[in-house]
Amino acid sequence: MSPYQIGVDEAGKGPVLGPMVAAAVRVDETDLPGGIDDSKRLTAAKRESIATQLRESPAVAVSLGVITTDEIDDPETDMNSLTVAAQVRALSDVAADSDHALVDAGDVSESRFARRVVDGVADSGVGIDVTAEHGADEASRLVGAASIVAKVERDSRINARNEEYDGDIGSGYPSDPTTRAFLADYVDRHGELPACARASWATCEDVLAAAEQSDLGEF
C-alpha cells in the first residue's frame with residue numbers, strides 16, 4: 001500500500017496569460033480511476049474525463065490553490081515561492097494531521113522545497129510529512145491525478161477568457177502564435193495589456209515595445 005495519502009502538482013508556471021493553479025488530491029491509490037498519467041501525456045478529452053471522475057468520487061477529496069497574475073507580477077516574490085504557496089493553499093484544505101503528501105518539486109532542491117511546503121501547511125495548524133520529487137507527476141499516479149485536475153482547471157479558466165475577450169486567446173503560452181497575436185492586437189486597440197496578462201513576463205514587455213515602435217513610426 002502506498003505511504004502517501006495526498007498527491008500535489010501545479011499547472012501554469014510558464015504561461016504569459018492567466019493564473020498558476022495547484023491541485024491536491026487526497027485518496028487511497030486503489031480508489032483512483034484508470035488511465036491516469038502525467039497530464040501532458042493525455043488528450044484534453046481524457047484529462048477532462050478523469051478530472052470529472054475524481055471530483056465526483058466520494059472516495060476522493062480535491063482542493064485547489066490559485067496564484068493570480070497580480071501575485072505573479074509582484075516584484076517582491078519569485079516563482080519558486082509562488083509554487084510553494086500554490087501547493088500549500090491546495091494542501092491546507094484537504095490535509096489531516098500525520099498525512100504524508102507526495103508533491104512535484106518546484107525547486108532544484110527537493111528537500112528544501114518539501115520543507116517549505118511543510119512549514120506553510122503548519123501555519124494553517126496541520127502537521128504533515130511531505131516528500132518532494134522531480135518528475136513525480138510521471139512516476140506517481142497520485143501526483144498524476146493532481147496534475148490532471150490542475151491542468152483541467154487552468155485550461156477552463158483560460159477558455160473562459162475567450163468569451164470575455166470575444167476571440168481566441170490561445171493557450172496562454174509565450175510560444176503560442178495565437179496568444180502572441182491576441183496580446184499584440186489588444187495592446188494595439190487599447191494601449192495597454194489585458195488584465196489576464198503577466199505584465200512582468202518578457203513576452204509582454206516585447207509586445208509593449210513593439211507597439212511603441214509602431215506608434216513612433218507613424219510620425
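In the predicted model, H100 lies in strand β4. Beyond its sequence neighbours up to four places away, H100 touches P3, Y4, Q5 and I6, and also D129, V130 and T131. One of these residues, T131, is joined to H100 through the side chains by a polar contact of 2.8 Å. H100 and D123 are separated by 23 residues in sequence, and their C-alpha atoms are 17 Å apart in space.

The loop between α3 (79-92) and β4 (100-104) contains S98. Most residues other than glycine have a negative phi. S98, which is not a glycine, has a positive phi of about 75°. With a relative accessibility of 61%, S98 counts as exposed, because this value is over the 50% cut-off. A positive phi also occurs at D166, again a residue other than glycine, where the angle is near 55°. D166 is located in the loop between α6 (141-164) and α7 (177-190). The relative accessible area of D166 is 73%, so D166 is exposed.

The UniProt record, an unreviewed entry, places the feature "binding site" at D9, E10 and D104. These positions span 96 residues in sequence, yet no two of their C-alpha atoms are more than 7.9 Å apart, so they gather at one spot. D9, E10 and D104 also belong to the lining of the largest pocket.

Two of the annotated positions were examined individually. D9 is found in strand β1, which covers residues 6-11, and E10 lies in strand β1 as well. The relative accessible area of D9 is 3%, and D9 is therefore buried, the limit being under 20%. E10 has a relative accessible area of 12% and is likewise buried. When residues up to four places away in sequence are not counted, D9 touches V21, A22, A23, D104, D137, V143, A146, S147 and A150. On the same basis, the contacts of E10 are M20, V21, A22, T83, Q87, D104 and A150. D104, itself one of the annotated positions, is thus touched by D9 and by E10. V21, A22 and A150 are likewise in contact with D9 and with E10. The side chains of E10 and Q87 are joined by a polar contact of 2.9 Å.

Helix α6 contains E153. E153 has a relative accessible area of 19% and is buried, because this value falls under the 20% cut-off. A polar contact of 2.8 Å links the side chain of E153 to that of R157. Outside the range of four places in sequence, E153 touches V21, R55 and L64. V21 thus appears among the contacts of E153 as well as among those of D9 and E10. E164 also lies in helix α6. In contrast to the buried E153, E164 counts as partly exposed, at 49% relative accessibility. The side chains of E164 and R161 form a polar contact of 2.8 Å.

The protein chain is divided into domain 1 (6-161) and domain 2 (164-213). The C-alpha centres of domain 1 and domain 2 lie 27 Å apart. At the interface, 17 residues of domain 1 are in contact with 20 residues of domain 2. The area buried between the two domains is about 1600 Å², and carbon and sulfur atoms give 53% of this area. V16, L17 and R161 supply 49% of the area that domain 1 buries against domain 2, more than any other three residues. R161 therefore combines this contribution to the interface with the polar contact to E164 described above. By the residue ranges of the two domains, R161 belongs to domain 1 (6-161) and E164 to domain 2 (164-213).

The UniProt record, in an unreviewed entry, also lists residues 3-213 as "domain: RNase H type-2". The C-alpha atoms at the ends of this span lie 57 Å apart, and the span is 47% helix and 14% strand.

Notes
Residues are numbered from 1 along each chain as its sequence is written. This is a predicted model: local features need pLDDT of at least 70, side-chain atom pairs count only at pLDDT 80 or more; totals for chains, interfaces and linings use all residues. Side-chain values use heavy atoms; hydrogens and water are left out. UniProt positions are given in the numbering used here, feature names are shortened, and annotations may be inferred rather than shown by experiment. On a 1 Å grid over the protein atoms alone, a cavity is a set of points where a 1.4 Å probe fits but cannot get out, and a pocket is an open set with protein on both sides within 12 Å along at least five of seven lines; lining residues have an atom within 4 Å of a point. Helices (H or I, at least four residues) and strands (E, at least two) are DSSP runs, numbered from the N terminus. Buried means under 20% relative accessible area, exposed over 50%, partly exposed in between (1.4 Å probe, protein chains only). Contact means heavy atoms within 4.5 Å. A polar contact is a pair of N or O atoms within 3.5 Å; within protein, one must be able to donate a hydrogen and the other to accept it, and residues adjacent in sequence count only if both atoms are side-chain atoms. Domain bounds come from an automatic or database domain assignment. Buried area is the accessible area (1.4 Å probe) that two parts lose on being put together, summed over both.
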